[in-house]
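Welcome! Take a moment to turn the model around on your screen, and then we will walk through it together.

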Amino acid sequence: MSVVVFAESWNGTFKKGTFEILTYAHDVAKKMDAKCIALTIGNISDDIKVLAKYGADKVLSISNNFDACDNKGISSAIAQIADAEGAKILILSNTNTGKTIGPRIAVKMDASFISNSIEVPTESSPLVVKKKSFSGKAFEMAQSHTDKTVIALSPNAYSITENNNDSCEFTTVDCQVDDTNVTSIKVEKASGKISLAEAEIVISAGRGLKGPDNWGMIEELADLLNAGTACSKPVSDIGWRPHSEHVGQTGKAIAPNLYIAIGISGAIQHLAGVNSSKVMVAINTDPEAPFFKAADYGIVGDAFEVVPRLIEEIKQFKSSN
Ligand SMILES: Cc1cc2nc3c(=O)[nH]c(=O)nc-3n(C[C@H](O)[C@H](O)[C@H](O)COP(=O)(O)OP(=O)(O)OC[C@H]3O[C@@H](n4cnc5c(N)ncnc54)[C@H](O)[C@@H]3O)c2cc1C
């Protein structure tokens, strides 16, 4: 019996979420007295030994070429290996990839799929796991009615801890991959320097900034804090910022440690994509702006006065520390 993790990577580098799900899988496997197996696909330039540091008993690298492979192919490979390894639980990160391939893998494995989970299962037979519902406004205990379960763990919900395993085994496997339905013909990378999904800090701005020429101070603040930049939907709709920065119900869902919302009203559709942030700060001229009800800290003030002062303070702090 095993607990298998899909160790997701981007450009050959493991994502932070991979270490979260591996820590989670290690804890689940320990509870179930099962083996914790990490599965990698594609060309990983990171040292795969890092997976042993977070508790993998075994690392399987699928050797097939996935360059021209879509989600159908990737799902078939993961399901096949997970089944061959006797997986009772397969764990993914609740990223766009995880949410896309998770249901496909579940169908292939004849398993149930539980997304947005935030804790290790409280019961294992039948499996019961706590998950976020209604865009994080409620929590739910979900029970799996199948022998196998695919779990997608919410980003930032589980702390990474080291469970170094010196006896971890590393193996390469080959598998039968389903034909692709879709081939990617062109990839355009998002302009942001830091990927929103990975950013620990996100500086976001809305229509309160009045126009696209005023984003210089947002970028400067983001640079100083090594943060990613985001925006509200209308801002990307009118073309002030690229769509890749749009967060919310119809945009990206993010969960950074710190989210600073500048000139954003805090409509429910916006909050739906950011309310999993650990700490939220709102800067708004209107003391009645809905964002202040959701934020941990609020500054009632004009962004054109507050942000330059924040930048100055951070610069001074950095130069004297
Ligand atoms: C089906 C659906 C899906 C949607 N999905 C999303 C989504 O994914 N993401 C999203 O963001 N929205 C989404 N929306 C839109 C959402 O309802 C809001 O309209 C939107 O979030 C508002 O954007 P905003 O706060 O930037 O602009 P506004 O509502 O115009 O708010 C601007 C804010 O800036 C403040 N302000 C003005 N001047 C200043 C200043 N100088 N300094 C500081 N503050 C200032 C104002 O007080 C105000 O609170 C969706 C709507 C629908 C119907």
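Is Asp-110 buried or exposed? With a relative accessible area of 62%, Asp-110 is exposed. Keep in mind as you read that this is a predicted model.

**Residues with a positive phi**

Asp-110 sits in the loop between helix 4 (96-109) and strand 7 (112-117). Asn-11 is also exposed, at 53% relative accessibility, and is found in the loop between strand 2 (9-10) and strand 3 (13-14). The table gathers these residues with two others that follow helices.

| Residue | Place | Phi |
|---|---|---|
| Asn-11 | loop between strand 2 and strand 3 | near 55 degrees |
| Asp-33 | just after helix 1 | about 55 degrees |
| Asp-110 | loop between helix 4 and strand 7 | near 60 degrees |
| Asn-226 | just after helix 5 | about 55 degrees |

Another backbone detail to look for is the peptide bond from Ser-125 to Pro-126, which is cis, with omega near 0 degrees. Pro-126 lies in the loop between strand 8 (123-124) and strand 9.

**Two helices**

Start with helix 1, residues 16-32. From its first C-alpha to its last, helix 1 reaches 25 Å, close to the 24 Å expected for its 17 residues at 1.5 Å a residue. Helix 1 is mostly covered, as 13 of its 17 residues are buried.

Now find helix 5, residues 216-224, where Met-217, Ile-218, Leu-221, Ala-222 and Leu-224 are buried. Looking down the axis of helix 5, you would see its buried residues fall within an arc of 160 degrees, so they line one face of the helix. A general rule helps here: an α-helix has 3.6 residues a turn, so residues three or four places apart point the same way. The cover over the buried residues of helix 5 includes strand 13 (201-205), strand 14 (228-231), strand 15 (258-262) and helix 9 (303-319).

**An enclosed strand**

Why is strand 5 (residues 58-62) described as largely enclosed by the rest of the structure? Five of its five residues are buried, so strand 5 earns that description. In a regular strand, side chains alternate between the two faces of the sheet. Here Lys-58, Leu-60 and Ile-62 point one way, Val-59 and Ser-61 point the other way, and all are buried.

Strand 5 has parallel partners. Five bridges join it to strand 4 (residues 35-41), with Thr-40 and Ser-61 as bridge partners. Five bridges also join strand 5 to strand 12 (residues 169-173), where Val-59 has Phe-170 as its bridge partner.

**Nonpolar cores**

The largest nonpolar core has 31 residues, and among those that touch the most other members are Val-3, Leu-22, Leu-51 and Ile-89. Elements that each supply at least two residues of this core include strand 1 (2-6), helix 1, strand 4 and helix 2 (50-53). Helix 1 gives the largest share, eight residues. Leu-51 touches Phe-14, Leu-22, Ala-56 and Val-59, among others. A second, separate core of 26 residues includes Ile-37, Ile-41, Leu-90 and Val-150.

**Cysteines without partners**

How many disulfides does a search of the whole structure find? The search finds zero. Cys-36 is buried, with a relative accessible area of 1%, and its sulfur is 8.6 Å from the closest cysteine sulfur, in Cys-168, which is too far for a bond. Cys-175 is buried too, at 9%. The sulfur of Cys-175 is 9.1 Å from the closest cysteine sulfur, in Cys-69, again too far for a bond.

Methods: Residues numbered from 1 in each chain as written. Predicted model: local features only at pLDDT ≥ 70, side-chain atom pairs only at ≥ 80, totals over all residues. Heavy atoms only, no water. Buried < 20%, exposed > 50% of the residue type's maximum accessible area, 1.4 Å probe, protein only. Helix = DSSP H or I, 4+ residues; strand = E, 2+ residues; numbered from the N terminus. Arc of directions from axis to C-beta. Contact = heavy atoms within 4.5 Å. Pairing = 2+ DSSP bridges. Disulfide = S-S within 2.5 Å. Expected span 1.5 Å × (residues − 1). Core = buried A, V, L, I, M, F, W, Y, C linked by side-chain atoms within 4.5 Å.
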